[in-house]
Amino acid sequence: MTEARPDAMTMPQIIAYDSRDDQAGGLADLVAGRLSAAVKAKNSASLAVPGGTTPGLMLKLLGESDAPWGLVAVTLTDERWVPPISARSNQKLLGETLFHGAAAAAEFVPLYGGGAEPAQALHAVNLTLEQVALPLDVAVLGMGDDMHTASMFPDALGLEEALSPDAPPAVAIRAPGAEEPRITLSARVLRAAERHILIQGHDKMRALERAVALGDPTRAPICAVLEGATVHYAD
Ligand SMILES: O=C1O[C@H](COP(=O)(O)O)[C@@H](O)[C@H](O)[C@H]1O
């Protein structure tokens with residue numbers, strides 16, 4: 001039995017790299033170039049980057065690049081609602097990778113705002129995103145084997161709002177079985193950026209193919225950001 005539906009999508013553009021090192025270097029160079037071009041055009045640039053286990057090397061190399069970081073605003077595609085000292089914090093990952101290098105000069109807009117739940121902090125976070133980081137020039141996104149991207153998970157509480165065309169910049173998310181509440185940039189805000197999706201390993205490529213066959217963001221949230229995106233793949 002096939003899961004393909006009449007609204008199945010076409011596969012996005014895929015750049016396949018010979019190694020994960022090549023992938024990290026290639027994407028870091030590309031993003032640094034885009035940020036430089038944006039700064040040249042309008043004297044500022046903005047970037048959203050993912051957390052999780054995949055982007056560490058890419059973020060480190062990007063942070064060491066000579067992009068004009070003093071004129072760049074950086075935020076995350078999503079965050080686990082944990083303090084930045086937690087090993088699960090995406091912000092912590094940035095501190096150890098991207099902001100270790102020259103990118104420390106960038107203006108960082110955190111998504112974590114303290115308290116037990118995103119709800120209390122959401123208004124302030126959205127205001128700062130609007131004032132400092134939006135519209136995004138570039139978004140680098142990850143993807144899970146379950147076809148989630150950012151923190152838009154299948155069956156999550158908050159997914160409908162995150163996918164809505166008039167969603168706020170950031171939305172509170174409660175994913176089934178997740179350890180903690182999360183916050184995610186909405187599909188609307190991510191779609192406005194030039195999107196690069198960073199995936200590694202056969203399982204993720206299979207998940208991408210499955211998502212494309214489904215073509216349904218409520219079951220495969222990655223579908224919400226695929227059109228016009230470039231996928232950067234290494235085994
Ligand atoms: O939980 C998250 O998952 C995705 C994918 O992470 P990975 O560990 O499979 O690379 C990530 O893009 C997102 O930022 C993160 O919060």
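**View 1. Glutamate 79 and its cross-strand partner.** In this predicted model, glutamate 79 sits opposite isoleucine 183, a residue of β8. The strands behind this view are β4 and β8 (residues 182-185), which pair in the antiparallel sense over three bridges. As a reminder, strands in a sheet pair through backbone hydrogen bonds, and they can do so either parallel or antiparallel.

**View 2. The open sheet β4-β8-β7.** Zooming out a little, we get three strands in an open sheet, ordered β4-β8-β7, with antiparallel pairing. The edges belong to β4 (78-80) and β7 (170-173); each has a single partner strand, so one side of each goes without a neighbour in the sheet. Going from one strand to the next, the twist averages 20 degrees.

**View 3. The ligand and its shell.** Which residues are around the ligand? Starting at the low numbers, there is the run Pro50, Gly51, Gly52, Thr53 and Thr54. Then come Thr77, Asp78 and Asn90, and the list finishes with Gly142, Gly144 and Ser151. Sorted by class, that makes one nonpolar, nine polar and one charged residues. If you want to match names to classes, glycine counts as polar here, Pro50 is the nonpolar entry and Asp78 the charged one. Asp78 also belongs to the edge strand β4 (78-80).

**View 4. Methionine 152 in its loop.** Methionine 152 lies in the loop that runs between β6 (138-141) and α5 (159-163). Is methionine 152 buried or exposed? It has 32 other C-beta atoms within 10 Å, and 20 or more is enough to call a residue buried, so methionine 152 is buried. Leaving out residues up to four places away in sequence, methionine 152 touches Leu159, Ala162 and Leu163, and also Thr184, Ala187, Pro221 and Ala224. Leu159, Ala162 and Leu163 fall within α5 (159-163), while Thr184 falls within β8 (residues 182-185). For a distance to check in your viewer, try the C-alpha atoms of methionine 152 and alanine 172: they are 9.8 Å apart, for residues 20 positions from each other along the chain.

**View 5. The whole chain, for orientation.** How many helices and strands does the chain have? There are seven helices and 10 strands. The radius of gyration is 17 Å, close to the 18 Å from the globule rule for 235 residues, so the chain is as compact as a globular protein of that length. Along the principal axes, its C-alpha atoms fill a box of roughly 55 × 45 × 35 Å. Buried residues account for 47% of the 235. Among contacts with a separation of 6 or more, 73% link residues 24 or more positions apart.

Conventions
Residues are numbered from 1 along each chain as its sequence is written. This is a predicted model: local features need pLDDT of at least 70, side-chain atom pairs count only at pLDDT 80 or more; totals for chains, interfaces and linings use all residues. A residue is near a molecule or strand if its C-beta atom, placed from the backbone, lies within 6 Å of it. Two strands pair if DSSP finds at least two bridges between them. Helices (H or I, at least four residues) and strands (E, at least two) are DSSP runs, numbered from the N terminus. Axes are lines fitted to C-alpha atoms, for helices over the stretch in contact, and angles run from 0 to 180 degrees between N-to-C directions. The radius of gyration is taken over C-alpha atoms; the globule rule is 2.2 Å times the number of residues to the power 0.38. A residue is buried if 20 or more other C-beta atoms lie within 10 Å of its own, exposed if 12 or fewer, and partly exposed in between; C-beta atoms are placed from the backbone. Two residues are in contact if their C-beta atoms, placed from the backbone, lie within 7 Å.
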